[in-house]
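Student: Can we go through the charged pairs and the cysteines in this one? I'd like to take it step by step.

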Amino acid sequence: MMEDKFNAVSNTAKLKKRVFSGVQPSGDVQLGNYLGAFKQWVQGQQEKENFFCIVDMHALTVYQEPAKLLEQTKMLAALLFASGIDPNRSTLFVQSQVTAHAEACWILNCMTPIGWLERMTQYKDKSLNQERVSVGLLDYPVLMAGDILLYDTNEVPVGEDQKQHVELSRDIAQRFNRIYGDTFVIPEPVIPEVGARIMGLDNPLIKMSKSHAHIKGHAIRLLDDDKEIERTIKRAVTDSDNVIQFSREPEKAGVNNLLGIYKVITGRTINQVESDFQDARGYGDLKARVSEVVIEELQPIKKKYSEIMDDSSELDRLLIRGAERARSYADPKLMDIKERVGLVLPGNLVK
Ligand code: AQP
């Protein structure tokens with residue numbers, strides 16, 4: 001029954017714009033992932049045809065403890081479903097389950113100049129102060145290009161931090177199309193107006209991030225209990241002038257970040273948000289109100305998450321089905337790519 005409904009949805013979906021986006025199972029999912037990505041993905045499910053990918057091979061670009069990586073992958077899948085990703089509307093799958101991604105990456109590697117990769121900000125940031133940097137870390141954006149291009153993606157919703165990578169995917173696609181003929185749709189990055197960059201609560205000048213989520217005070221993790229959320233927001237770095245307004249000034253980045261979190265959760269305009277705090281008695285009130293809306297937003301997600309984790313065999317079934325569906329798009333596309341570059345296809349060899 002579920003299967004029929006799923007196919008019926010997929011048949012009508014062809015006229016819709018196609019969306020691809022990914023998230024790494026690289027640590028505790030934090031509020032920035034949710035507000036900058038998941039929430040936007042869920043809201044766009046109705047009018048677009050969506051592929052959401054848990055990019056476990058991307059996570060491998062920095063060392064992951066094997067048992068933890070597997071656990072984080074399942075937890076992330078459960079959190080995505082709990083946040084509202086609907087398996088009857090969207091295809092949610094794990095990257096390593098669809099081998100076309102790795103194969104496409106290799107072919108695209110062979111036509112990507114190293115200089116394009118060395119210029120990537122994320123590569124520079126993540127390789128800074130590292131004793132050893134893997135080839136995978138440098139190659140991260142090419143694997144991402146493969147992810148996106150295999151699905152004839154029109155739009156890639158990402159936070160501000162990933163925009164450069166989507167632009168690189170466009171460059172790679174255009175180069176391939178020039179050399180081998182029209183093969184790839186050129187994808188567009190779509191950056192949400194709000195929530196594009198949620199900053200660290202301990203340091204509002206750096207973005208909130210999964211890999212720093214274990215540092216006390218840095219992040220709200222989606223599974224934090226209410227008291228922990230309240231404590232972390234209470235400790236958030238602000239300033240001393242007690243003015244509750246949006247501002248681009250670096251010294252106001254902490255207050256700006258808290259107002260941004262409030263704005264994206266409540267869906268209110270800048271003016272409405274500022275007027276909500278007109279009568280606030282300082283940053284204590286601001287923090288209390290932000291805690292309230294964050295707790296309210298995350299409570300149903302945590303509840304749904306526990307229900308999903310109670311029956312993990314259903315979660316496995318959904319991931320198997322998601323991967324099958326992803327393969328039904330990615331495999332024929334890979335065949336087209338291989339044929340264009342002159343690789344041997346199954347039909348080329350006669351027994
Ligand atoms: N702070 C953030 N604000 C807004 N959006 C964010 N995203 C991540 N952090 C913020 C968005 O979340 C999606 C999934 O991210 P990812 O896992 O693919 O990689 P990332 O951007 O590198 O996320 P993290 O949390 O910072 O992970 P680590 O620490 O492992 O690198 C993307 O759409 C991203 O823009």
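Tutor: Let's start with one pair. Arg89 forms a salt bridge with Asp86, and their closest N and O atoms are 3.7 Å apart. Keep in mind that this is a predicted model.

Student: Is Arg89 buried or exposed?

Tutor: In between. Arg89 has 38% relative accessibility, so it counts as partly exposed. Asp86 is also partly exposed, at 24%.

Student: OK, how many salt bridges turn up in the whole structure?

Tutor: A search of the whole structure gives 24.

Student: What does Asp152 pair with?

Tutor: Asp152 forms a salt bridge with Lys333. The closest N and O atoms there are 2.7 Å apart.

Student: Where do those two sit?

Tutor: Asp152 is in the loop between α8 (135-149) and β4 (155-157). Lys333 is in helix α14 (residues 312-341). They are 181 residues apart in sequence, so the pair ties together distant parts of the chain.

Student: And Lys333, buried or exposed?

Tutor: Buried. Its relative accessibility is 10%, and the cut-off for buried is under 20%. Asp152 has 27%, so Asp152 counts as partly exposed.

Student: What about Glu167? Which residue is its partner?

Tutor: Lys163. The closest N and O atoms of that salt bridge are 3.5 Å apart.

Student: How are Glu167 and Lys163 placed in the helix?

Tutor: Both are in helix α9 (residues 163-180), four residues apart. That separates them by about one helical turn. Glu167 is partly exposed, with a relative accessible area of 33%. Lys163 is partly exposed too, at 29%.

Student: Which residues are linked with Lys17 in a network?

Tutor: Lys48 and Glu155. Salt bridges link Lys17, Lys48 and Glu155 in a network.

Student: New topic. How many disulfides are there?

Tutor: Zero, from a search of the whole structure.

Student: Why is Cys53 not bonded to Cys105?

Tutor: Distance. Cys105 has the closest cysteine sulfur to that of Cys53, but the two are 13 Å apart, so they are too far for a bond. A disulfide needs the sulfur atoms within 2.5 Å.

Student: And what about Cys110?

Tutor: Cys110 is in no disulfide either. The nearest cysteine sulfur belongs to Cys105, 9.2 Å away.

Student: Are those cysteines buried or exposed? I mean Cys53 and Cys110.

Tutor: One of each. Cys53 is buried, with a relative accessible area of 1%. Cys110 counts as exposed, at 54% relative accessibility.

Technical notes:
Residues numbered from 1 in each chain as written. Predicted model: local features only at pLDDT ≥ 70, side-chain atom pairs only at ≥ 80, totals over all residues. Heavy atoms only, no water. Salt bridge = Lys/Arg side-chain N within 4 Å of Asp/Glu carboxyl O. Buried < 20%, exposed > 50% of the residue type's maximum accessible area, 1.4 Å probe, protein only.
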